[in-house]
Amino acid sequence: MDLPSFLWLWKIAAWSMGLSITAYLILGMTGGWMFICRQQNASRPLWLRPLHYAIGMIMVILVLLLLTVGIIGTIGHYGNLGHSVHLPAGLAVVALVLLSAWSAHQINPEKSWARSLHITTNVILFLSFAIVSLSGWVVVQKYLP
């Protein structure tokens with residue numbers, strides 16, 4: 001593939017990564033708000049939980065889009081995968097995001113483990129997003145003229 005003509009592909013990746021990180025930050029704020037309300041036995045706004053879920057679903061879609069773009073771009077440029085630490089870092093982020101989404105759907109009073117799994121997963125996701133962002137920056141530099 002002639003990758004310079006695939007510049008649009010890298011633009012999709014850049015926007016998806018930026019929006020994924022933005023979604024993660026908003027999820028942290030809305031999740032923190034729900035945590036504070038729960039700790040203080042205060043009622044939370046009715047729209048807060050659905051907003052948290054919706055942004056979470058958007059983040060799942062964005063991360064899966066990033067995975068697709070990365071696979072297409074890497075195979076298009078190199079003919080195969082696995083040329084840097086970015087692949088395992090990216091796969092870890094995808095796995096953590098999916099685990100976070102799954103654990104979010106498990107949260108209820110009968111499953112006390114689900115909330116702690118969800119929060120722990122998202123703390124680890126913070127570090128994983130940092131690693132995948134840094135390794136992605138190195139990868140992108142290989143494609144630029």
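1. A nonpolar core is here a set of buried Ala, Val, Leu, Ile, Met, Phe, Trp, Tyr and Cys residues whose side-chain atoms join them within 4.5 Å. The structure under review is a predicted model, and the points below begin with its largest core of this kind.

2. The largest nonpolar core holds 21 residues, and those touching the most other members are Met59, Val63, Val93, Val97, Leu125, Phe129 and Val132. At least two residues of this core come from each of the helices α1, α2 (48–78), α3 (86–106) and α4. The greatest contribution is that of α1, which supplies seven residues.

3. Met59 merits separate mention. With residues up to four places away in sequence set aside, Met59 touches Ser20, Ala23, Tyr24, Leu27, Val97, Leu125 and Phe129. Among these partners, Val97, Leu125 and Phe129 are also listed with Met59 as core residues that touch the most other members.

4. His118 belongs to helix α4, which spans residues 112–143. Its relative accessibility is 13%, and His118 therefore counts as buried, since the limit for that class is under 20%. Apart from neighbours within four places in sequence, the contacts of His118 are His52, Ser100, Ser103, Ala104 and Ile107.

5. At the surface, a nonpolar patch is formed by Trp8, Ile12 and Leu65, which together have about 270 Å² of accessible area. Ile12 is located in helix α1, residues 7–39. The relative accessible area of Ile12 is 31%, so this residue is classed as partly exposed. Helix α1 thus holds a member of the surface patch, Ile12, and also gives seven residues to the largest core.

Key:
Residues are numbered from 1 along each chain as its sequence is written. This is a predicted model: local features need pLDDT of at least 70, side-chain atom pairs count only at pLDDT 80 or more; totals for chains, interfaces and linings use all residues. Side-chain values use heavy atoms; hydrogens and water are left out. Helices (H or I, at least four residues) and strands (E, at least two) are DSSP runs, numbered from the N terminus. Buried means under 20% relative accessible area, exposed over 50%, partly exposed in between (1.4 Å probe, protein chains only). Contact means heavy atoms within 4.5 Å. Patches are made of residues with over 30% relative accessible area and no salt bridge: like charges are joined within 9 Å, nonpolar side chains (Val, Leu, Ile, Met, Phe, Trp, Tyr) within 5 Å. Accessible areas come from the Shrake-Rupley method with a 1.4 Å probe; for residues, only the protein chains shown count as cover. A salt bridge is a side-chain nitrogen of Lys or Arg within 4 Å of a carboxyl oxygen of Asp or Glu.
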